[in-house]
Amino acid sequence: MKRIMYLYVPDKMADWEPGYIFAELGSGQYCKQGISYHLVLCGCDQNPVTTMGGMVLQPEICINEINPAAGNLLILPGSQTWADPSHIRSIEWVKELLKTDLVIGAICGATMALAQGGALMNLVKKKVV
């Protein structure tokens, strides 16, 4: 079964942070038999971004187009730009996604952005893994 692993790609993303996740979930080698993930890049818009390491990434979809089906996941990596106002709408959308079955993982600066945006306020009511 192919599931979707969405990677939110903010400008100046810490490109090394989600690397292990891609390798393991994309290959499916440690997932239940027959489960693997297809990587889809998403952004606050579909304009190209440049990572801290200099890679240019092209978001395929906007964050509000994510399919929050059970088994799909969203990864929010660290970035030097999380405090930028361009991410406010994305954080608001993540707040809505937290109400669904989508699994959301935040790394480094993304955790701070979610906390400052109020997205973590109601998580104590959900099972946190």
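# Notebook: salt bridges, a ring pair, a pocket and some loops

I started with Lys-95, which is partly exposed, with a relative accessible area of 24%. This falls between the limits of 20% for buried and 50% for exposed, so the middle class applies. I note here that the model is predicted.

**Entry 1. Salt bridges**

How many salt bridges does the structure hold? I found two.

I took Lys-95 first. Its partner is Glu-92, and the closest N and O atoms are 3.2 Å apart. That is within the 4 Å cut-off, so I count the pair as a salt bridge. Where do Lys-95 and Glu-92 lie? I placed both in helix α2, residues 88-97. They are three residues apart, about one turn of the helix. I then checked the partner: Glu-92 is partly exposed, at 39% relative accessibility.

Next I looked up the other bridge, between Glu-96 and Lys-99. I read 3.2 Å from N to O. I asked whether each end is buried, partly exposed or exposed. Glu-96 comes out as partly exposed at 39%. Lys-99 is exposed at 64%, and I class it so because the limit is over 50%.

**Entry 2. The aromatic pair**

I searched the whole structure for aromatic pairs and found one. Its rings belong to Tyr-8 and Trp-82, with centres 5.5 Å apart and planes at 25 degrees. Why is the pair stacked? The planes are under 30 degrees apart, so I enter it as stacked, not tilted or edge-to-face.

Which parts of the chain does the pair tie together? I traced Tyr-8 to strand β1, residues 2-8. Trp-82 is in the loop between β6 (73-76) and α2. The pair therefore links parts that are 74 residues apart in sequence.

I checked both rings for exposure. Tyr-8 is buried, with a relative accessible area of 1%. Trp-82 is buried too, at 8%.

**Entry 3. Thr-81**

I moved to Thr-81, which also sits in the loop between β6 and α2. Is Thr-81 buried or exposed? I read a relative accessible area of 17%, so it is buried. The limit is under 20%.

I then listed its contacts, leaving aside neighbours within four places in sequence. Thr-81 touches Pro-10, Asp-11, Lys-12 and His-87. I followed up Lys-12 from that list.

**Entry 4. Lys-12**

I found Lys-12 in the loop between β1 and α1 (19-27). Lys-12 is partly exposed, at 33% relative accessibility.

What does Lys-12 contact beyond its neighbours within four places in sequence? I noted Thr-50, Thr-51, Met-52, Ser-79, Gln-80 and Thr-81. I looked at Thr-50 on its own. It is 38 residues from Lys-12 along the chain, yet the C-alpha atoms are separated by 5.7 Å.

I also checked the backbone. Lys-12 has a positive phi of about 60 degrees, although it is not a glycine.

**Entry 5. Cys-108**

I logged a positive phi for Cys-108 as well, near 50 degrees, again in a residue other than glycine. Cys-108 lies in the loop between β7 (103-106) and α3 (109-116). I read 53% relative accessibility, so Cys-108 is exposed.

**Entry 6. The second largest pocket**

How much space lies in the second largest pocket? I noted about 190 Å³.

I listed the lining next. It includes Gly-43, Cys-44 and Asp-45, then Cys-62, Ile-63 and Asn-64. Ser-86, Arg-89, Ser-90 and Trp-93 are also lining residues. Which element gives the largest share of the lining? I found it to be α2, with three residues.

I sorted the lining by class: four nonpolar, four polar and two charged residues.

**Entry 7. Glu-24**

I closed with Glu-24, in helix α1. Its relative accessible area is 29%, so I put it down as partly exposed.

Leaving aside neighbours within four places in sequence, I found Glu-24 in contact with Gln-29 and Tyr-30. I also looked up Ser-36. Glu-24 and Ser-36 are 12 residues apart in sequence and 8.9 Å apart in space, C-alpha to C-alpha.

Conventions:
Residues numbered from 1 in each chain as written. Predicted model: local features only at pLDDT ≥ 70, side-chain atom pairs only at ≥ 80, totals over all residues. Heavy atoms only, no water. Salt bridge = Lys/Arg side-chain N within 4 Å of Asp/Glu carboxyl O. Helix = DSSP H or I, 4+ residues; strand = E, 2+ residues; numbered from the N terminus. Buried < 20%, exposed > 50% of the residue type's maximum accessible area, 1.4 Å probe, protein only. Phe/Tyr/Trp six-rings, centres within 6.5 Å; stacked < 30°, edge-to-face > 60°. Contact = heavy atoms within 4.5 Å. 1 Å grid on protein atoms, 1.4 Å probe; cavity = no way out; pocket = protein on both sides within 12 Å on 5 of 7 lines; lining within 4 Å. Points joined across faces, edges and corners; volume = space filled by probe spheres on them. Nonpolar A, V, L, I, M, F, W, Y, C, P; charged D, E, K, R; others polar.
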